[in-house]
Amino acid sequence: MVSPHESFAREPWHELPAEPAALIRPRIDGIATDMVDAIRAEVAVYRRPVDSAVGRDPAESIRRAMHRFAELTERPDSPQDHHSRHFRHLGRVEFLNGR
């Protein structure tokens, strides 16, 4: 089994074709909405009002992750710091809230 560190160091997005990014990009908002609905149905803590931080963060993070996937498949060596900061902050917030 490959550890998460090894997967990230391996940069598997270099092995993916760029074409799916063009198919996914126009559908990101709809896919993110469906994913958030599924998460909210399964995880009670995320059933808070959509305009709260707990309501907004998952939707924004899913959209951002999908954009990041599209960016990495189209341009595997593109800088990703703007996404990394977001996910580190979100992880810190989740940790501080005991999730």
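**A salt-bridge network around helix α4**

Glu-60 is partly exposed, with a relative accessible area of 30%. The model in which this residue is described is a predicted one. Glu-60 lies in helix α4, as does Arg-63, 3 residues away, a spacing of about one turn of the helix. The side chains of these two residues meet in a salt bridge with an N to O distance of 3.9 Å. A second salt bridge, at 3.6 Å from N to O, involves the side chains of Glu-60 and Arg-64. Here the partners are 4 residues apart in helix α4, so that about one helical turn separates them. In an α-helix there are 3.6 residues a turn, and residues three or four places apart therefore point the same way. Both arginines count as partly exposed, Arg-63 at 25% relative accessibility and Arg-64 at 21%.

Arg-63 also takes part in a salt bridge with Asp-29, the side chains meeting at 4.0 Å from N to O. Because Asp-29 belongs to helix α3 and Arg-63 to helix α4, this pair ties together parts that lie 34 residues apart in sequence. In total, the structure holds 5 salt bridges. Through shared partners, salt bridges join Asp-29, Glu-60, Arg-63 and Arg-64 into one network.

Helix α3 spans residues 28-42 and comprises 15 residues; from its first C-alpha to its last the helix reaches 21 Å, close to the 21 Å expected at 1.5 Å a residue. Its buried residues are Ile-28, Ala-32 and Val-36. These residues are placed on the same side of α3, because they cover an arc of only 65° around the axis. On the other side of the helix, Asp-34, Ala-41 and Glu-42 are exposed.

Two members of the network are also contacted from helix α5 (residues 81-96), in which His-86 is located. His-86 touches Glu-60 and Arg-64, as well as Ser-61, when residues up to four places away in sequence are not counted. With a relative accessible area of 16%, His-86 falls under the 20% limit and is buried.

A further arginine of helix α4 (residues 53-74) is Arg-68. Arg-68 is buried yet has no salt bridge, and the nearest side chain of opposite charge, that of Glu-71, is 6.6 Å away. This distance exceeds the 4 Å within which a salt bridge is assigned. The side chain of Arg-68 instead makes a polar contact, at 3.3 Å, with the side chain of Gln-80.

Technical notes
Residues numbered from 1 in each chain as written. Predicted model: local features only at pLDDT ≥ 70, side-chain atom pairs only at ≥ 80, totals over all residues. Heavy atoms only, no water. Expected span 1.5 Å × (residues − 1). Buried < 20%, exposed > 50% of the residue type's maximum accessible area, 1.4 Å probe, protein only. Arc of directions from axis to C-beta. Contact = heavy atoms within 4.5 Å. Lys, Arg positive; Asp, Glu negative; His and termini not counted. Polar contact = N/O pair within 3.5 Å; in protein donor to acceptor, adjacent residues only side chain to side chain.
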